[in-house]
Amino acid sequence: LGMDVYGYWSKYIFHSPEAEDAEDVYYAAYGAPFKAHNKLKGIILVGESVQFPSKDERTTGDVWWNYVNEDNFPNPKPAPGMFPCNDYPQWLDLVKRVIRKEKEDAEIIFWTYNWGWVDEKTRVELLENLPTDISLLVTFEMFENLPTQYGITERVCDYSVAFAGPGKYFTSEAEVAKRRGIKLYTQANAGGRTWDFGCLTYEPFPQHWQDRYRALRDCKEKYNLSGIMETHHYGFWPSFITKIEKKSYEYIRQSDEEILKEVVDEFSNGETEKCIEAFDYWSQAIRMYMPTDNEQYGAMRVGTAYPLMLNIFPRPPVSLNVVERHDDYTWEYACPSPALNMAEGKFTLHGIRIRIEIKILRDIIKLIRKGISLLKTVKEKSEEIVCLINMAEYMVCCFTTDIHVKQMYIYRHRLLITSTKKEMQSIISGIKKVANAEIKNSERSLKCVDQDSAIGFEPCMGYAGDRIHIEWKIRQVKHMLKYELSIYENALNLY
């Protein structure tokens with residue numbers, strides 16, 4: 001059973017109409033599940049899934065999707081699932097009593113995901129009032145502001161390896177847990193997959209992953225970190241990254257350099273140093289990545305299957321009986337929606353960032369290609385190296401799509417306010433150039449997903465960037481050029 005399922009069970013504690021007290025609540029919400037699965041060791045509770053109707057006046061007291069007030073204006077208050085409410089301790093105590101009535105030794109893990117946007121004082125106040133016979137789970141890298149070489153500030157908005165961590169959000173809560181004797185876990189995404197690439201098999205950045213493993217070891221010593229959630233819902237793929245991780249946690253441990261060399265030796269066919277140099281280029285590249293909602297809920301979520309939109313916001317096809325989870329705001333790149341606007345004001349504004357981000361993405365592509373070029377010179381390529389070259393080629397295609405999506409976003413907004421025929425013609429010409437380049441880029445990515453069937457799938461949420469979806473996207477771009485853009489061209493004749 002998945003973590004969110006546990007959270008949804010807990011939601012019914014307050015919403016069950018027949019529940020009069022903890023006894024009734026127990027049978028309505030938890031009795032059957034815990035009787036049926038009495039081997040379960042515990043439950044993880046996360047505010048985003050719980051959404052209980054808090055009485056904290058700083059919140060809406062309602063579920064997050066009811067985000068308007070009585071005047072139908074966006075409510076400035078956060079929903080309880082997105083805020084460390086002062087009555088969470090009461091709610092948690094009820095949940096704890098209900099569960100431990102059935103299973104005395106059940107571990108109750110309280111996850112503060114999504115609350116890093118809130119100031120430290122408010123978050124710490126809640127932690128100071130939590131019972132100490134539960135465990136605390138804190139995400140390792142999220143909510144950190146990252147300065148770039150071009151002078152803008154990005155933010156780690158969701159699970160990412162771009163920033164090794166730990167973030168200030170984690171350390172501020174870990175300090176409270178240690179002082180109060182609360183058992184501490186972290187969601188570290190250390191198994192090799194994050195939201196940085198929604199559809200990549202695993203992320204081959206060994207030197208940078210080692211930065212995270214080193215940080216996790218340090219936090220074990222400093223904050224009594226007791227365990228790690230390897231991944232939330234997108235699984236992991238056994239790889240040389242997971243081997244490095246395993247060795248990084250051993251009690252009698254080699255140096256990071258020795259571990260890396262030993263693991264890469266297994267597939268390098270005697271050219272270990274060359275492979276390590278290639279991976280170093282890739283590790284440099286991911287450290288430059290922008291882990292914002294605009295990437296992770298945009299083009300990097302599905303890679304080259306992401307459409308180039310002008311006026312129509314299309315829905316993707318459903319394949320393999322997977323329910324697609326592309327919400328409308330996912331298709332609307334970067335910030336116009338309320339869901340993505342939440343982040344603004346916490347780091348450099350989108351209108352300022354977007355052109356600089358294109359420069360950063362081009363720098364990233366250069367580094368990825370340097371690594372590819374080195375690996376291609378390995379004389380006897382193992383199956384692992386062949387797969388890694390192919391994965392890196394796919395990464396280049398994904399980053400290229402991200403560039404084109406940003407360029408298209410700029411063009412279509414300029415198209416709405418341009419006032420001269422000459423400028424309009426220039427914009428239309430630019431859109432055609434970007435669209436045709438993206439069609440070729442998407443066609444190149446088809447070779448990558450055909451060579452490795454694991455590329456293009458996220459195993460839980462249903463995000464897909466396989467051949468079916470990429471071919472659909474190519475048709476979408478051609479449709480946009482033929483039918484949508486032609487409207488603007490024809491209108492110019494009336495100028």
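Trainee: Are K406 and E357 buried or exposed?

Mentor: This is a predicted model, where local features need pLDDT of at least 70, side-chain atom pairs count only at pLDDT 80 or more, and totals for chains, interfaces and linings use all residues. Residues are numbered from 1 along each chain as its sequence is written, and side-chain values use heavy atoms, without hydrogens and water. Buried means under 20% relative accessible area, exposed over 50%, partly exposed in between (1.4 Å probe, protein chains only). By that rule, K406 and E357 are both buried.

Trainee: How far apart in sequence are the parts that K406 and E357 tie together?

Mentor: Their side chains meet in a salt bridge, N to O at 2.8 Å. A salt bridge needs a side-chain nitrogen of Lys or Arg within 4 Å of a carboxyl oxygen of Asp or Glu. K406 lies in helix α15 and E357 in helix α14 (helices are DSSP runs of H or I, at least four residues, numbered from the N terminus). So the pair ties together parts whose separation is 49 residues.

Trainee: Which helix holds E489, the salt-bridge partner of K432?

Mentor: The K432 and E489 side chains meet at 2.6 Å, N to O. K432 sits in helix α16, so the pair ties together parts 57 residues apart in sequence. E489 belongs to helix α17.

Trainee: Is D56 buried or exposed?

Mentor: D56 forms a salt bridge with R58, with the closest N and O atoms 2.7 Å apart. R58 counts as partly exposed, at 34% relative accessibility. D56 has 4%, so it counts as buried.

Key. Helix = DSSP H or I, 4+ residues; strand = E, 2+ residues; numbered from the N terminus.
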